Amino acid sequence: AEKATTVYVGKIAPTVPDGLVSSLLTACGAVASWKRAEDPETREPKGFGFCEFEDAEGVLRAVRLMHGLKVDGQELLVKGNT
């Protein structure tokens with residue numbers, strides 16, 4: 001079976017810049033792609049996104065290190081799509 005390589009990152013505070021989230025993800029493993037949802041009208045970044053890692057190791061590390069991490073007073077929600 002193929003190991004899941006995608007994580008959901010939620011509860012991102014509106015004040016948190018995208019670059020910060022992506023550098024946190026990069027610290028966990030090789031990122032294939034990171035897409036933060038945005039409002040189609042205003043282009044404002046929403047509080048969640050999806051990250052695809054090169055391998056499953058990155059997913060495990062992201063869940064372990066980033067889940068519950070406080071960024072700008074809000075705890076991140078990170079989960080793998082198991």
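Colleague: Among contacts in the protein between residues at least 6 apart in sequence, what percentage join residues at least 24 apart?

Modeller: Bear in mind that this is a predicted model. For contacts between residues at least 6 apart in sequence, 57% join residues at least 24 apart.

Colleague: And which elements does the chain run through, from the N terminus on?

Modeller: The order is β-α-β-β-α-β-β-β, with 2 helices and 6 strands in the protein. The radius of gyration is 12 Å, close to the 12 Å that the globule rule gives for 82 residues, so the protein is as compact as a globular protein of that length. Along its principal axes, the C-alpha trace spans about 40 × 25 × 20 Å.

Colleague: What about burial and surface: what share of the 82 residues is buried?

Modeller: Buried residues account for 29% of the 82. As for the surface, the protein exposes about 5100 Å², and carbon and sulfur atoms supply 52% of that.

Colleague: Let's take the helices. Which residues of H1 are buried?

Modeller: A residue counts as buried under 20% relative accessible area. In H1, residues 18–28, that gives Val-21, Leu-25 and Cys-28. Looking down the axis of H1, you find its buried residues within an arc of 50°, so they line one face of the helix. The cover over them includes strands E1 (6–10), E2 (31–38) and E3 (45–53), along with helix H2 (56–66).

Colleague: Now H2. Which of its residues are buried, and what covers them?

Modeller: Ala-56, Gly-58, Val-59, Ala-62 and Met-66 are the buried ones in H2. Seen down the axis of H2, they fall within an arc of 155°, so they too line one face of the helix. E1, H1, E3 and strand E6 (77–80) are included in what covers them. Turn to the face of H2 away from its buried side and you meet the exposed residues Leu-60 and Arg-64.

Colleague: On to the strands. In which sense do E2 and E3 pair, parallel or antiparallel?

Modeller: Antiparallel, over 6 bridges. To get the register, look at who stands opposite whom: Val-31 faces Phe-53 in E3, while Trp-34 has Cys-51 in E3 as its bridge partner. E2 and E3 form a hairpin with 6 residues between the strands, and there Arg-43 takes a positive phi near 65°.

Colleague: How many bridges join E1 and E3?

Modeller: E1 and E3 pair over 4 bridges, in the antiparallel sense. Tyr-8 stands opposite Phe-50 in E3.

Colleague: That brings up the rings. What describes a pair of aromatic rings?

Modeller: You use the distance of the centres and the angle of the planes. This structure holds 3 aromatic pairs. One of them joins Phe-48 and Phe-50, at 6.4 Å centre to centre with 85° between the planes. Planes over 60 degrees apart count as edge-to-face, and that is how the Phe-48 and Phe-50 pair is classed.

Colleague: Which residues do ring pairs link into a cluster?

Modeller: Tyr-8, Phe-48 and Phe-50. Phe-50 comes up twice, then: in this cluster, and opposite Tyr-8 in the strand pairing.

Colleague: How should I read the accessibility of Phe-48 and Phe-50: buried, partly exposed or exposed?

Modeller: Buried stops under 20% and exposed starts over 50%, with partly exposed in between. Phe-48 has a relative accessibility of 29%, so it counts as partly exposed. Phe-50, with a relative accessible area of 42%, is partly exposed as well.

Key: Residues are numbered from 1 along each chain as its sequence is written. This is a predicted model: local features need pLDDT of at least 70, side-chain atom pairs count only at pLDDT 80 or more; totals for chains, interfaces and linings use all residues. Side-chain values use heavy atoms; hydrogens and water are left out. Buried means under 20% relative accessible area, exposed over 50%, partly exposed in between (1.4 Å probe, protein chains only). The arc is that of the directions from the helix axis to the C-beta atoms. Contact means heavy atoms within 4.5 Å. Rings of Phe, Tyr and Trp (its six-membered ring) pair if their centres lie within 6.5 Å; planes under 30 degrees apart count as stacked, over 60 as edge-to-face and the rest as tilted. The radius of gyration is taken over C-alpha atoms; the globule rule is 2.2 Å times the number of residues to the power 0.38. Accessible areas come from the Shrake-Rupley method with a 1.4 Å probe; for residues, only the protein chains shown count as cover. Two strands pair if DSSP finds at least two bridges between them.
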